[in-house]
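User: Could you take a close look at a single part of this model and walk me through its surroundings? I'd like one connected account, following the contacts outward from wherever you start.

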Amino acid sequence: MARATVGGITLEYEDYGSGEPVVCIHGAFVADAFRTLRSDPDLADRFRLITYSRRGYAGSTGGGGPSTLAEQADDCRALLSHLGVRRAHVVGHSLGGAVALALALREHRVVHSLTLLEAALMIGDSSPLYRQGLADSLERYREVGAVIAVDEFLERRWPGYREPLDRALPGAFEQAVTDAATFFDVDLPAVVDFRFGPGEARRIAQPALVVLGEESSVLDARFGESYRLLLEWLPDAEGFVLPRATHFLQVENPRDLAEALVGFLGRHPLGGHPAAA
């Protein structure tokens, strides 16, 4: 993987393909979660896909101290600038979805469209339980260590995850354990502190594809509630329910997600929306 030094940190990234740029921002633990989309011929033949490890994950530095999601949005913007990309389609999964929203709020000219894969947001009636669940996960991490805490965290979001994760992304669990301190010490406080509501949503003019795993709401009501609220709040949003998937959508069903993504991006080409001006 290539590396870029931006804003005093080093980000590990991959940049492949040609066409309109699409930058993918991963969520907690699984830094290489978007690798599953790279082999999809529809995406690979039509778009320039940029994936990177957020600060403190895998080969990226900068995870040793506190950071906000706004600062992580700045990391993404700086990487795009380093690569000569003025505007891009932005895809964010879970915590990466919150970073994508922060980027759209801070740098609206950089973000041409948004795809939000179950963005990690403290919104709606389910937010107190979500906040408590994160606090409980942090306590488990301190009590039992990274291996058990990461396993429990992933199992709650993708029951029976280990075998299909190992098959799709060999070594991903081991890397997640290595990166656990970044999530619990850096990312978790940043997610809790991030404020997003209808007022912020109204400032986002870009077209947005809001994605929900078909089976996610059975695991946690917050997934369905966040999906409904984002569709209600964002001025230009459409929804898509990904079949046969829970929270790790792009790993569980990459083919159908890629098809939906290609369709959405095709309806909103660069230069075809006022937000891109």
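Analyst: Leaving aside residues up to four places away in sequence, Phe223 touches Glu118, Leu212, Ser216, Ser217 and His247, where contact means heavy atoms within 4.5 Å. This is a predicted model, so local features need pLDDT of at least 70 and side-chain atom pairs count only at pLDDT 80 or more, while totals for chains, interfaces and linings use all residues. Numbering starts from 1 along each chain as its sequence is written, and side-chain values use heavy atoms, with hydrogens and water left out.

Phe223 sits in helix H12 (residues 221–233); helices (H or I, at least four residues) and strands (E, at least two) are DSSP runs numbered from the N terminus. Its relative accessible area is 4%, so Phe223 is buried. That word means under 20% relative accessible area, with exposed being over 50% and partly exposed in between (1.4 Å probe, protein chains only). Looking back 12 residues along the chain, the C-alpha atom of Val211 is 9.8 Å from that of Phe223.

One of the contacts, Glu118, deserves a stop. Glu118 lies in the loop between S6 and helix H5 (127–144) and is buried too, with a relative accessible area of 5%. Its phi is positive, about 50°, although Glu118 is not a glycine. Most residues other than glycine have a negative phi. Phe29 does something similar, with a positive phi of about 75° and again no glycine. Phe29 is in the loop between S3 and helix H1 (35–38), and at 0% relative accessibility it counts as buried.

Now step from Glu118 into the sheet. Leu117 of S6 stands opposite Val211 in S7, and four bridges join S6 to strand S7 (residues 208–213), which run parallel. Two strands count as paired if DSSP finds at least two bridges between them. Seven of the seven residues of S6 are buried, so S6 is largely enclosed by the rest of the structure.

On to S5: this strand and S6 (residues 111–117) pair in the parallel sense over six bridges. His93 stands opposite Leu117, and Gly92 opposite Leu116. Following those bridges, the chain goes from S5 through helix H4 (residues 95–106) to S6, a right-handed β-α-β crossover. Right-handed here means that, with the strands pointing away from the viewer, the path from the first strand over the helix to the second runs clockwise.

S5 (residues 88–93) is buried at six of its six residues, so it is largely enclosed by the rest of the structure. Both faces are covered: Ala88, Val90 and Gly92 are buried on one side, and His89, Val91 and His93 on the other. In a regular strand the side chains alternate between the two faces of the sheet.

Further along, S3 (residues 20–25) pairs with S5 in the parallel sense over four bridges, and Ile25 has Gly92 as its bridge partner in S5. Ile25 also has a partner in S4, namely Tyr52; six bridges join S3 to S4 (residues 47–52), and those two run parallel.

Zooming out, eight strands form an open sheet in the order S1-S2-S4-S3-S5-S6-S7-S8, with mixed pairing. S1 (2–6) and S8 (237–242) stand at the edges with a single partner strand each, so one side of each is left without a neighbour in the sheet. From one strand to the next, the twist averages 25°.

H3 lies across S1, S2 (9–16), S3, S4 and S5, running at about 115° to S1. Axes are lines fitted to C-alpha atoms, for helices over the stretch in contact, and angles run from 0 to 180 degrees between N-to-C directions. Buried residues in H3 include Leu69, Cys76 and Leu80. Gly84, which follows H3, has a positive phi near 75°.

Last, the cysteines: the structure holds zero disulfides, a disulfide being a pair of cysteine sulfur atoms within 2.5 Å. For Cys24, the closest cysteine sulfur is in Cys76, 9.6 Å away and too far for a bond. Cys76 counts as buried at 1% relative accessibility, and Cys24 is buried at 6%.
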